[in-house]
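New to this one? Take a minute to turn the model around before reading on, and then follow the tour below.

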Amino acid sequence: MKRTKLLSLLLALLLVFGLAACGNTEDPGTGDKDEQITLYVDLHALRPSLSSTPTAENPDVVLATKHIIKAFEEENPNIKVKVDRTKDVTGNAESCSQWLINKINNGDCPAIVFTWGTQFQDRNYYVDLEPYLNEPNEYVEGNTKWSDLFHSYVWKDPNVMDANGKLVSVPVLLSPGTQTAYYYNKSLYANKTLPTNWETLISTSREFNEEGKVGFAPWDNLTKVTLDSWQFKFSIGPSFVGGQMDSLDYNNDGVVTTYEQLRGVKEGKYNPEDHAYAREVFKQARRFFTTGGNNRGPLVNNWTNPMSNEFTQGRVAIIEDGTWSIQKMESNIDMEFEYGMMSPVLIDQATSQYAMKEISFVKGTEIKHEVNVSYNIMKSAVEGKPEVLEAAVKFLKFLTTPDSIETIASENASYIPATVESEYSTLLDSWLNQQFPVVPQGKWPLGFVTEYNDKIDRLFQQWFQGKIEDDEFYADVNEFQQQGADAVIASMGIDTNGWAI
Amino acid sequence: MLKAFIKNHKKLFVCAVVVLVIAALFGMDIIISKTYTLKLESISEEVVYADNKIPVTVQISLTQFGKPIAGHSLYAVAEGGGRMKANRVMTDENGIAEFIYVPYTANRFMPAAPVTIKVIDESNSLVFEVNATVSVTLELVEKEDA
């Protein structure tokens, strides 16, 4: 009996010590240091593929971020990275908006998301990252300030800096020189000079049209008359901003930011009722859609997108597509001609006295590349959860070390790394060795938010169809621009002191 | 007796004939694919560096009964990292298709490791996709190691 009691006492002591020992090492809930954190991330197009094996149907598997996440988890054993797979990464801003709203309402929004940088800035979604960007990136030896790892110009990019001047996204990849390119048929252009500006693009395209070819085909997804076109974004808008830079760039730093756009709209500088240069912007947008004759389409005889098959068959002189389509073009064995690439043209004073004075050219490697892929931290996922915010910042720091970004850019060969010490793929060499027009750093604003962008776009369609007169169109554009700007100013609490309004 | 069986099992008989025809066509495509040979002809670099600034040209030949076959579409993918400049290349009059492989640059996330270039002949089938294939393994070497 005595022995049994002693044995029981010993067993009890063993059990107590055993449990205590287990508690110290394995219980994830004890102690801040050992607390296990699950970090949900939406990497959008850089989402690791489920299969590591490329196939003919799916030749582009994403391995880079898979390796980076694995290495991050090894270095940070208390953080588990879970990649969100619920988002349609081929969707547009509208579908992304709906996805985000659902995620936030369900309380399962990823801490890190891709939202084209500042797309939803008026909704107060994003964490201000500037304080963290001023800290060292502990994953890069000797670094004292995280932001120093990147090309300095990215911090003024409207995809990174919001209207309040806050840095709300961290860039990873940049567009190589331009986001889009003109792919041209070298055989058709054998006896013609390539266009160097908007006017020569139009005149050369007309010549082709008269010869029964198609002079210029916009990218396949442009299927209606709209201001949401690459021509408006990359050719027309920047060219007229460039022409009025002295007035629109308030701090004379060469970049017209969203803040400056809002101020300009409120001070009436973009008002087509008052300014001939603002009217000219819309006239050129309309001209693009009518030049083919009989309102049949943009610079072509019979505009029925998609035109890429026509281009393959040698009937189209120039087709516009993304710079990401280089591999698709290289792999097109049905093209019986050589193709070339050039950057989209700008508008100079050969077209309008209000456009930029002259177009200067530089080598692609010297261009300030626009931010293409960047990530935000979502307030709704980290508010009240400092440990998740800390984990999200750590992950973004790890994801943006020069090594990480070079690995990503090597796999996504159509993009430029956002960090200075990372190299881009050799597949871009011949493209970047070309001359590129220096594009003014600013876009022509429309309605700022989806609601007013849509309203202005519908107006444009009515104006194009002759359903409304010029005066009405210009007055309504200004009205909707003012309302869009007011909405952003109110939702973001932008200080308008000192504005002439 | 066979006639009676067919009469009583008309549907089953039709199904069996369809299955047999499909199997025959599939078998024919398998046999045809075996008549084509894809072969590695050359690799432009003696040592393939895990460096994305040093592309490698890989020549693949296509023959049928020893004769070069022109005008076939060959499709290549790189397993293990790196990219093909063009995935799809047409064989020339000598039956040669030239692929350019751009390796990844080795670092702590992706150390130098063997990469397999898998090539298929997309044009050798009649009904079903039964492709002649060849795999080429490139032993990537870190530049510093070399």
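This is a predicted model, so start with confidence: chain A has a mean pLDDT of 90, with 91% of its residues at 70 or more. Residues 1-7 of chain A are another story, with pLDDT below 50 and zero contacts in the model beyond near neighbours in sequence. Residues 13-32 of chain A also stay under 50, and for that stretch the model has six contacts beyond four places in sequence.

Now for the nonpolar interior. The largest nonpolar core has 114 residues, and those touching the most other members are Leu39(A), Tyr375(A), Ile377(A), Phe395(A) and Ile117(B). Helix H13 (residues 386-399) of chain A gives the largest share of this core, nine residues. At least three residues come from each of domain 1 (37-52 + 60-177 + 368-412) and domain 2 (180-363 + 436-492) of chain A. Such grouping fits a broader tendency: in soluble globular proteins, nonpolar side chains tend to be buried together.

What does Leu39(A) contact, leaving aside its neighbours within four places in sequence? Its partners include Ile79(A), Val81(A), Ala111(A) and Ile112(A), along with Val388(A), Ala391(A), Ala392(A) and Phe395(A).

Apart from that core lies another, of 57 residues, including Tyr182(A), Ile202(A), Val241(A) and Met245(A).

Tyr182(A) also turns up in strand S5 (residues 180-185) of chain A, on one side with Thr180(A) and Tyr184(A). On the other side sit Ala181(A), Tyr183(A) and Asn185(A), and both faces are covered. In fact, six of the six residues of S5(A) are buried. Here is how S5(A) pairs with two strands of chain A:

| Partner of S5(A) | Sense | Bridges | Opposite residues |
|---|---|---|---|
| S7(A), residues 316-322 | antiparallel | five bridges | Ala181(A) and Asp321(A) |
| S8(A), residues 339-342 | antiparallel | four bridges | Tyr182(A) and Met342(A) |

Last stop: helix H16 (residues 450-464) of chain A. How far apart should its ends be? With 15 residues at 1.5 Å a residue, H16(A) should span 21 Å, and its end C-alpha atoms are 21 Å apart, so the two agree. Its buried residues are Tyr452(A), Ile456(A), Asp457(A), Leu459(A), Phe460(A), Gln461(A), Trp463(A) and Phe464(A). They pack against helix H9 (276-290) and helix H17 (470-492) of chain A. Just after H16(A) comes Gly466(A), which takes a positive phi of about 80 degrees.

Conventions
Residues are numbered from 1 along each chain as its sequence is written. Chains are lettered from A and ligands numbered from 1 in the order in which they are written. Side-chain values use heavy atoms; hydrogens and water are left out. pLDDT is the predictor's confidence in each residue, from 0 to 100. Contact means heavy atoms within 4.5 Å. The expected span of a helix is 1.5 Å times one less than its number of residues. Buried means under 20% relative accessible area, exposed over 50%, partly exposed in between (1.4 Å probe, protein chains only). A nonpolar core is a set of buried Ala, Val, Leu, Ile, Met, Phe, Trp, Tyr and Cys residues joined through side-chain atoms within 4.5 Å. Domain bounds come from an automatic or database domain assignment. Two strands pair if DSSP finds at least two bridges between them.
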